[in-house]
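Thanks for making the time this morning. I would like to walk through one model, beginning with how its strands are arranged and ending with its charged side chains.

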Amino acid sequence: MASTAPESPIPSDAFRCDMRLEPDHALIAVAGEIDVATVLELDQILLRARDRGANRLVVDLRDVTFMDTTGISVLVRWTRVARRAGFRFTVIPGEGAARRVLDLTGVLETLDLADEPPVAEAECP
């Protein structure tokens, strides 16, 4: 009889990027590592949010465990694009790895920052 090895749990630093569209913004919650292997997925979700008409993109990095220069680059590029195109691009850096790397590189002070995700505006009946 062949024994089956138990499935290994998902690593705590596994990348995850979820988008929630609200009437007045798109919230993109990122978890795990943002690096050369995962940054394209983040970029594509940001593009999808803009394609769906979001005039404010909010990127929540509170659960990011690691971010390399490709992650920093995508945040800087989207900040510049937003300023030129007239939409808002907001970053929630949290207190962990993302904030540390953005602070050490001097990028933190160039971003539009928030501490918490915005509260969705209630639609009038």
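Before the sheet itself, a word on terms: two strands are taken to pair if DSSP finds at least two bridges between them, and the elements I name are DSSP runs numbered from the N terminus, with helices being H or I over at least four residues and strands being E over at least two. Please keep in mind that this is a predicted model, in which local features need pLDDT of at least 70 and side-chain atom pairs count only at pLDDT 80 or more, while totals for chains, interfaces and linings use all residues. Residues are numbered from 1 along each chain as its sequence is written, and side-chain values use heavy atoms, with hydrogens and water left out.

Let me start with strand S1, residues 16-21, which pairs with S2 in the antiparallel sense over six bridges. A hairpin of four residues makes the connection from S1 to S2. Within this pairing, Asp18 stands opposite Ala29 of S2, and Leu21 stands opposite Ala26 of S2.

On its other pairing, S2 runs parallel to strand S3, residues 56-67, and eight bridges join the two; Gly32, for instance, has Val64 in S3 as its bridge partner. Together with helix H1, residues 39-51, these two strands, S2 and S3, make a right-handed β-α-β unit, where right-handed means that, with the strands pointing away from the viewer, the path from the first strand over the helix to the second runs clockwise.

How are the five strands ordered in the sheet? The sheet is open, its order is S1-S2-S3-S4-S5, and its pairing is mixed. S1 and strand S5, residues 112-113, stand at the edges with a single partner strand each, so one side of each is left without a neighbour in the sheet.

Turning to burial, I call a residue buried under 20% relative accessible area, exposed over 50%, and partly exposed in between, using a 1.4 Å probe and protein chains only. Strand S2, residues 26-34, has seven of its nine residues buried, so it is largely enclosed by the rest of the structure.

For the helices, contact means heavy atoms within 4.5 Å, and axes are lines fitted to C-alpha atoms, for helices over the stretch in contact, with angles from 0 to 180 degrees between N-to-C directions. Helix H1 lies across S1, S2, S3 and strand S4, residues 88-92, and runs at about 180° to S2. Helix H2, residues 69-85, lies across S2, S3, S4 and S5, at about 150° to S4.

Finally, the charged side chains: a salt bridge here is a side-chain nitrogen of Lys or Arg within 4 Å of a carboxyl oxygen of Asp or Glu, and the structure holds seven of them. One of these joins Arg16 and Asp18 at 3.0 Å, N to O; Arg16 is partly exposed at 44% relative accessibility, and Asp18 is partly exposed at 37%. Another links Glu22 and Arg20 at 2.6 Å, N to O.

Which residue forms a salt bridge with Arg62? That residue is Glu116, with the closest N and O atoms 3.3 Å apart. Glu116 lies in the segment after S5 and Arg62 in strand S3, so the pair ties together parts that are 54 residues apart in sequence. Glu116 counts as exposed at 51% relative accessibility, whereas Arg62, at 34%, is partly exposed. Salt bridges that share partners join Asp60, Arg62 and Glu116 into one network.
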